[in-house]
Structures are given as C-alpha cells and as structure tokens.
Amino acid sequence: MNGGVDPARDARDVGVVVYTMDSVFAETALRTLSREHNTMLATSLVKTMQALETQSSGVLITDIPTDFSRLNRIIGALKQQVPELVTIVVSDQRDSGNMISLINHGQVFRYEHKPVTPDKLRDDINDAAIKHMTLRNNPGLEKRHRVESLPLETLPGIHSQEFGAIAEMRGIRARAANA
C-alpha cells in the first residue's frame, strides 16, 4: 500500500481496451470483463489510441496477428501515449520466442496462447489492472516502465490513417504539457 492507495481495490476502476478483429475473441473478452472493468472494443490502431486517450484505460489486450517488429513498435507507440499501459498479448504458440523477448523488455506484461479461457483472461486482466495501478501510483516505477520516443517513420507497416492518429495524439500531449 502506498499512501492509502490500494492498487488491488482500485484496479476495478481501470479501463480495458480490447484491440481485436476476431469477433469470437471480442465477444469472449467483453462478456468476461464487462462486469468488472470499463471495457472498450477497438478494431484498429486508431480506435485503440482514441480509446486510450478518451477513457481511463490502463490495460490493453490484443490478439492482432502481426510480425514481431511491428507489434513491438505499436506497443511502444501506445506506451508513449499512456506510459503506465500494461499489455497482454494473446497469440498462437508459434509466437512464444518473440513474446518472451517483448516480456523481457517490458513491452508485454503477459502472453497467452489461443484459445484463452474466460477465467484465465479475467485473472490476467485483474493482475494487469493491479500492475497498472501500481505504476500509476508510483512515479519511480512508471518512469522505468516508459519507452523511448520512437520517430514515426520507424513504424513500418503503419497505415497513413494510423500514422496521422499517432502524430495527432503526440501533438495533443505536447500542447497539454506546454500549457
């Protein structure tokens, strides 16, 4: 406990963004999490960024199939927007080696193989929400959790709409910081 703040108790207030294009996974996640967390579905990177910006979201769960390098850069860009963002990736077992690397570099909190059970998903999200609250309430930990700023041109495979949304979000944050 840190100054009267109890991350486990406060974790229910943490919003969850589910970034997926898989309707079965989306339905499972929304049904499993909606009673415990404000849960939003995003079907694109732009919608994910908007959800993170407009909601009190601190946990991202995604099953978006993509190559390791692009996923690393996407998560990095999202963590620049929300430094205390905690990410869970659900993917095929063949991605295990790359996911371990992302976990070791602090980009991914948990990695689960498909299919993930509702109980396991709920436990992972609750653990991630507690981790988010711990980071948010401890500036020293949050600072270590941050990622370096990535130039937008280093995000290969990002569509122009996504590129524009990232640039816009960075501009909003920069203006707010200077105000």
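# Reasoning through a predicted fold

Q: What phi does Gly106 take, just after H5?
A: In this predicted model, the phi of Gly106 is positive, at about 75°. The residue follows directly after helix H5.

Q: Which residues of helix H5 (residues 96–104) are buried?
A: They are Ser96, Met99 and Leu102. To count as buried, a residue must have under 20% relative accessible area.

Q: What makes the buried residues of H5 line one face of the helix?
A: Seen down the axis of H5, they fall within an arc of 120°, and therefore they line one face. A general rule helps here: an α-helix has 3.6 residues a turn, so residues three or four places apart point the same way. On the other side of H5, Gly97 and Asn104 are exposed. The term "exposed" requires over 50% relative accessible area.

Q: Why does Ser91 count as buried?
A: Ser91 has a relative accessibility of 13%. The cut-off for buried is under 20%, so Ser91 counts as buried. This residue is found in strand S4 (residues 86–91).

Q: Which residues does Ser91 touch, not counting residues up to four places away in sequence?
A: Ser91 touches Tyr111, Glu112, His113 and Lys114. A contact requires heavy atoms within 4.5 Å.

Q: What is the order of the five strands in the open sheet?
A: The order is S2-S1-S3-S4-S5, and the pairing is parallel.

Q: Why is one side of strand S2 (39–42) and of strand S5 (110–113) left without a neighbour in the sheet?
A: S2 and S5 stand at the edges and each has a single partner strand, so one side of each has no neighbour in the sheet. From one strand to the next, the twist averages 20°.

Q: How do you know that S1 and S2 pair?
A: Two strands pair if there are at least two bridges between them. S1 and S2 have four bridges, in the parallel sense, and so they pair. Across from Val17 stands Met40 in S2.

Q: How many bridges join strand S1 (residues 15–19) to strand S3 (residues 57–62)?
A: Five bridges join S1 to S3, and these strands run parallel. One bridge partnership links Val18 with Ile61 in S3.

Q: Why is S1 described as largely enclosed by the rest of the structure?
A: Five of the five residues of S1 are buried, so the description is justified. Both faces of S1 are covered. On one side the buried residues are Gly15, Val17 and Tyr19, and on the other they are Val16 and Val18. In a regular strand, side chains alternate between the two faces of the sheet.

Q: Which helix lies across S1, S2 and S3?
A: Helix H3 (residues 45–54) lies across these strands, and runs at about 175° to S1.

Q: What handedness has the β-α-β unit made by S1, helix H2 (residues 23–33) and S2?
A: This unit is right-handed. With the strands pointing away from the viewer, "right-handed" requires a clockwise path from the first strand over the helix to the second.

Q: How many helices and strands does the chain have?
A: There are eight helices and five strands. Of the 179 residues of the chain, 45% count as buried.

Definitions and conventions: Residues numbered from 1 in each chain as written. Predicted model: local features only at pLDDT ≥ 70, side-chain atom pairs only at ≥ 80, totals over all residues. Heavy atoms only, no water. Helix = DSSP H or I, 4+ residues; strand = E, 2+ residues; numbered from the N terminus. Axes fitted to C-alpha atoms, helices over the stretch in contact; angles between N-to-C directions. Buried < 20%, exposed > 50% of the residue type's maximum accessible area, 1.4 Å probe, protein only. Arc of directions from axis to C-beta.
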